[in-house]
Amino acid sequence: MLMTAARQALLDLIDPKMRSILWKVLGLSLLCLIALWFAIRALFLWLAFPVLANLFPTMPEWTGWITFVLLIFAAVGLALGLALLMAPVSAFVAGIFLDDAADHIERLHYPAEPPGTALPVFTAMKEALKFLGVIILGNILALLLLLIPGVNLVAFFVVNGYLLGREFFEFAAMRFMTPEAARAFRRERGFTVFLAGLVVAGFVAIPIVNLATPLFATAFMVHLVKRLRAA
């Protein structure tokens with residue numbers, strides 16, 4: 001069941017409608033990152049640059065290259081930081097479009113069944129923020145656990161598998177039932193949901209490809225919820 005749902009979700013990613021949503025997500029994510037770049041750069045120049053200038057007020061002019069080198073290191077560090085933020089930012093942006101993706105998957109594969117109900121706007125925004133928080137928290141915990149000998153890569157998959165499986169499964173289930181019922185359904189199928197989360201975590205582990213994680217996970221969990229409800 002899991003492999004069938006995952007294979008179908010991968011095929012769904014190349015569907016024209018899903019590709020259109022993915023391009024929207026990537027485009028808006030890029031705009032957000034550009035805005036973050038200019039905001040953080042302006043903040044650095046406003047706060048840090050005067051501090052650096054005051055640290056070396058009496059040094060010869062030839063030492064000005066030290067400030068220049070520090071600025072280069074700051075720019076490189078900022079670029080690396082934004083690269084690391086690409087996946088969380090895209091996850092947040094994608095959260096806004098998840099209902100569109102789920103609607104399309106349901107119409108495409110389950111036209112004879114009653115469609116799910118899209119989450120209200122404020123609830124969708126809250127879910128988007130939750131997805132962002134879950135991805136950031138999951139990766140922070142995984143990074144901390146990576147410092148523990150003998151845990152390493154297993155920690156990444158276990159932590160992300162649990163968190164991602166729980167959040168995306170509940171999102172898909174809430175389209176067909178109340179939040180309380182969705183959580184109860186997830187607990188009832190806890191082991192299956194965890195295994196599904198491991199599949200999503202494996203997707204997350206692939207650089208660049210992981211930018212499509214929210215759309216893949218949404219399609220995957222919609223298929224899984226449909227199959228589990230019919231079982």
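Phe216 is buried, and Phe220 is buried as well, in what is a predicted model. Both residues belong to helix H8, where they stand four residues apart, about one turn of the helix. For Phe216 the relative accessibility is 2%, and because buried means under 20% relative accessible area, Phe216 counts as buried at that value. The rings of Phe216 and Phe220 also form an aromatic pair, which is stacked, with 5.7 Å from centre to centre and 25° between the planes.

Phe216 has a further aromatic partner outside its own helix. The structure holds three aromatic pairs, and in one of them the rings of Phe203 and Phe216 have centres 4.4 Å apart and planes at 5°, so this pair is stacked. Phe203 lies in helix H7 while Phe216 lies in helix H8 (residues 213-230), so the pair ties together parts that are 13 residues apart in sequence. Phe203 is itself buried, with a relative accessible area of 8%. Taken together, Phe203, Phe216 and Phe220 form one aromatic cluster.

The two pairs described here are set out below.

| Aromatic pair | Distance between ring centres | Angle between planes | Arrangement |
|---|---|---|---|
| Phe203 and Phe216 | 4.4 Å | 5° | stacked |
| Phe216 and Phe220 | 5.7 Å | 25° | stacked |

Phe203 leads on to another part of the structure, since helix H7 also packs against helix H1. Helix H1 (residues 2-12) and helix H7 (residues 190-204) pack at an angle of about 35°, and their axes are 11 Å apart. The crossing of these two helices, H1 and H7, is right-handed. On the side of H1 the contact is made by Leu2, Met3, Ala6 and Leu10, and on the side of H7 by Thr192, Leu195, Ala196, Val199 and Phe203. Of the residues in this contact of H1 with H7, eight are nonpolar and one is polar, while none is charged. Phe203 therefore appears both in the contact with H1 and in the aromatic pair with Phe216, whose rings are stacked because their planes are at 5°.

A charged residue offers a separate point of interest: is Glu167 buried or exposed? Glu167 has its place in helix H5 (residues 152-173), and at 4% relative accessibility Glu167 counts as buried. The side chain of Glu167 makes a polar contact with the side chain of Arg166, at 2.7 Å.

Key
Residues are numbered from 1 along each chain as its sequence is written. This is a predicted model: local features need pLDDT of at least 70, side-chain atom pairs count only at pLDDT 80 or more; totals for chains, interfaces and linings use all residues. Side-chain values use heavy atoms; hydrogens and water are left out. Axes are lines fitted to C-alpha atoms, for helices over the stretch in contact, and angles run from 0 to 180 degrees between N-to-C directions. A crossing is left-handed if the near helix is turned anticlockwise from the far one by less than a right angle, and right-handed if clockwise. Contact means heavy atoms within 4.5 Å. Ala, Val, Leu, Ile, Met, Phe, Trp, Tyr, Cys and Pro count as nonpolar, Asp, Glu, Lys and Arg as charged, and the others, Gly among them, as polar. Buried means under 20% relative accessible area, exposed over 50%, partly exposed in between (1.4 Å probe, protein chains only). A polar contact is a pair of N or O atoms within 3.5 Å; within protein, one must be able to donate a hydrogen and the other to accept it, and residues adjacent in sequence count only if both atoms are side-chain atoms. Rings of Phe, Tyr and Trp (its six-membered ring) pair if their centres lie within 6.5 Å; planes under 30 degrees apart count as stacked, over 60 as edge-to-face and the rest as tilted.
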